[in-house]
Amino acid sequence: MTPDIPKQDLKPSWLTRMQEQTWEPEILISGIVIFALFQIPPHIHGFVKYLSTYSYMPFTAGTVDETFAAVILSAIYWLIIGFSSHLMFRSIWAAFLGLSYLYKDGVPVEKLNYTERFTREVKKGTDYTKSILALERICSGIFAVSFYLFMSIVGCLVFSFILLFVILGMV
């Protein structure tokens, strides 16, 4: 590597292109997943009833079934909150993107007939590129953290159940 080349130029072009185009699948995934996640909690409660009725002793005598439901439901609600906030910020991002296309040189603040104080404040927020980039980072971060935490919770739960069945199998 030469010190003259900035780090961002060292990225492959396909990676840069993928990073620029991920907002479309993010919105699609968030919308579909939110719709599906609202359908899941009744099925989890039904599964817990099934476990407490027809399953091994730890599920029927203890609180394993309630713990299972609480952990899965908290993961689902976390994902709903995360993806909903992602959609909200992504819609603000799309609005800024539309404004930057419509007003390439910024909103003509003088035509709004605001007082000098408000005109000054509005002019501060008309750097669309900076706002779009900041919202892009926020949206991608929320999407990634939401999915990461959901998968971490589910992974820990699956590992706990595997560990539980291994311990029960040894006894």
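## A helical chain and its H5–H7 contacts

Valine 71 has a relative accessible area of 25% and is therefore partly exposed, since that class covers values between 20% and 50%. Valine 71 belongs to helix H5. Its C-alpha atom is separated by 7.4 Å from that of isoleucine 153, although the two residues are 82 apart along the chain. The model discussed here is a predicted one.

The overall layout comes next. The chain contains 7 helices and 0 strands, and its pattern along the sequence reads α-α-α-α-α-α-α. The chain has 171 residues, of which 21% count as buried. Helix H5 spans residues 64–102, helix H6 spans residues 116–124, and helix H7 spans residues 128–170.

Several of the contacts described below involve residues of H5 and H7, beginning with a pair of charged side chains. Side chains of opposite charge can pair when their charged atoms come close. The count of salt bridges in this model is 1. Arginine 90 and glutamate 136 form a salt bridge through their side chains, with an N to O distance of 2.7 Å. This pair links distant parts of the chain, as arginine 90 is in helix H5 and glutamate 136 is in helix H7, 46 residues apart.

How buried or exposed are the two partners of the salt bridge? Arginine 90 has a relative accessibility of 1%, so it counts as buried. Glutamate 136 is also on the buried side of the cut-off, because its value is 18% and buried means under 20%.

Tryptophan 93 has contacts with both of these residues. The side chain of glutamate 136 makes a polar contact of 3.5 Å with the side chain of tryptophan 93. Arginine 90, in turn, lies over the face of tryptophan 93, at 4.6 Å from the ring centre. Arginine 90 thus appears in a salt bridge with glutamate 136 and in a placement over an aromatic ring.

Aromatic side chains also pair with one another, and the model holds 3 aromatic pairs. One of them is formed by phenylalanine 83 and phenylalanine 143: their ring centres are 5.2 Å apart and their planes meet at 10 degrees, so the pair is stacked. The angle decides the class because planes under 30 degrees apart count as stacked. Phenylalanine 83 is in helix H5 and phenylalanine 143 is in helix H7, so this pair too links distant parts of the chain, 60 residues apart. Both phenylalanine 83 and phenylalanine 143 are buried.

Helix H7 also contributes to the surface. A nonpolar patch there is formed by Trp78, Val145, Tyr148 and Leu149, which together have about 390 Å² of accessible area. Which helix gives the most residues to the nonpolar patch? Helix H7 does, with 3 residues. Leucine 149 is found in this helix and is partly exposed, with a relative accessible area of 30%. Helix H7 therefore holds the buried glutamate 136 as well as the partly exposed leucine 149.

The remaining details concern helix H6 and residues close to it in sequence number. Threonine 119 is placed in helix H6. Its relative accessibility is 11%, so threonine 119 counts as buried. A polar atom of the threonine 119 side chain lies 3.4 Å from the backbone oxygen of tyrosine 114. Arginine 117 lies over the face of phenylalanine 118, at 5.7 Å from the ring centre.

Definitions and conventions
Residues are numbered from 1 along each chain as its sequence is written. This is a predicted model: local features need pLDDT of at least 70, side-chain atom pairs count only at pLDDT 80 or more; totals for chains, interfaces and linings use all residues. Side-chain values use heavy atoms; hydrogens and water are left out. Patches are made of residues with over 30% relative accessible area and no salt bridge: like charges are joined within 9 Å, nonpolar side chains (Val, Leu, Ile, Met, Phe, Trp, Tyr) within 5 Å. Accessible areas come from the Shrake-Rupley method with a 1.4 Å probe; for residues, only the protein chains shown count as cover. A salt bridge is a side-chain nitrogen of Lys or Arg within 4 Å of a carboxyl oxygen of Asp or Glu. Helices (H or I, at least four residues) and strands (E, at least two) are DSSP runs, numbered from the N terminus. Buried means under 20% relative accessible area, exposed over 50%, partly exposed in between (1.4 Å probe, protein chains only). A polar contact is a pair of N or O atoms within 3.5 Å; within protein, one must be able to donate a hydrogen and the other to accept it, and residues adjacent in sequence count only if both atoms are side-chain atoms. Rings of Phe, Tyr and Trp (its six-membered ring) pair if their centres lie within 6.5 Å; planes under 30 degrees apart count as stacked, over 60 as edge-to-face and the rest as tilted. A charge sits over a ring if NZ of Lys or CZ of Arg is within 6 Å of the ring centre and within 35 degrees of the ring normal.
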